[in-house]
Amino acid sequence: SRMSGSGVVRVELGGVSLADKEPIHLLPCEIEHDGQASVSRYFTPAIRESKSEMNTTFRGRGLKGQEVRCPPGYSGLVFKEDHKPVSEEEERSLRVRSVFSKITYWNLETPPSSDDGVVMAMSWPAIAEAVSTPLSSLCSPSASGQDLERVQGGLMRVRYNTHIYGSPTMT
């Protein structure tokens, strides 16, 4: 694929079936380290779980988190770039480092909610499918009640997400 103002980015998907399936944690900070980390030894044992959220600390700051699954039919991929390009015109190559079906995301001292970006992102495939379904197929005599319910649920989410970003809601 081609990115605006930069060279070619080649994505190597050949190693997907051989990729690690390690737990993924999305932290609300930038860690200036590019290499292995003993997450399972130091971070994971400190996690405390309750019914509604997970709690831990990182560098003395409280984190509240939640596990979120990838949408049905989707997997998450973590890529690694072995060679950093010298210029924007140089070809970049990414390979699959690991595969995941769920991710634990963490907020800084704020409880997880349905308004969090990760949670909303996981609903986009269903929304995209709902809004791209031709209306003619839903109005046909062969459309099932389940199809209509799925699309109406997707449209409700679109209205909700639109409201979050400041546009007036539709009634």
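Which residue in S8 is the bridge partner of Leu26? I shall come to the answer by way of the overall fold. Please bear in mind throughout that this is a predicted model.

Let me begin with the secondary structure. The protein contains four helices and eight strands. Their order along the sequence is β-β-α-β-β-β-β-β-β-α-α-α.

Next, some figures for the chain as a whole. Of the 171 residues in the protein, 23% are buried. The exposed surface amounts to about 12,300 Å², and carbon and sulfur atoms contribute 55% of that area. As for contacts with a separation of 6 or more, 61% of them link residues 24 or more positions apart.

I turn now to the sheet. Five strands form an open sheet with mixed pairing, and their order is S2-S8-S5-S4-S3. Strand S2, residues 25-26, and strand S3, residues 48-49, are the edge strands, each of them pairing on one side only. In general, the strands of a sheet pair through backbone hydrogen bonds, in either a parallel or an antiparallel manner.

At the S2 edge, the partner is strand S8, which covers residues 102-108. S2 and S8 run parallel and are joined by two bridges. This brings me back to the opening question: the bridge partner of Leu26 in S8 is Tyr105.

Finally, a helix packs on this sheet: helix H2, residues 117-132, which touches S2, S8 and strand S5, the last of these spanning residues 61-69. The direction of H2 makes an angle of about 10 degrees with that of S5.

Thank you for your attention.

Key:
Residues are numbered from 1 along each chain as its sequence is written. This is a predicted model: local features need pLDDT of at least 70, side-chain atom pairs count only at pLDDT 80 or more; totals for chains, interfaces and linings use all residues. Side-chain values use heavy atoms; hydrogens and water are left out. Buried means under 20% relative accessible area, exposed over 50%, partly exposed in between (1.4 Å probe, protein chains only). Contact means heavy atoms within 4.5 Å. Accessible areas come from the Shrake-Rupley method with a 1.4 Å probe; for residues, only the protein chains shown count as cover. Two strands pair if DSSP finds at least two bridges between them. Axes are lines fitted to C-alpha atoms, for helices over the stretch in contact, and angles run from 0 to 180 degrees between N-to-C directions.
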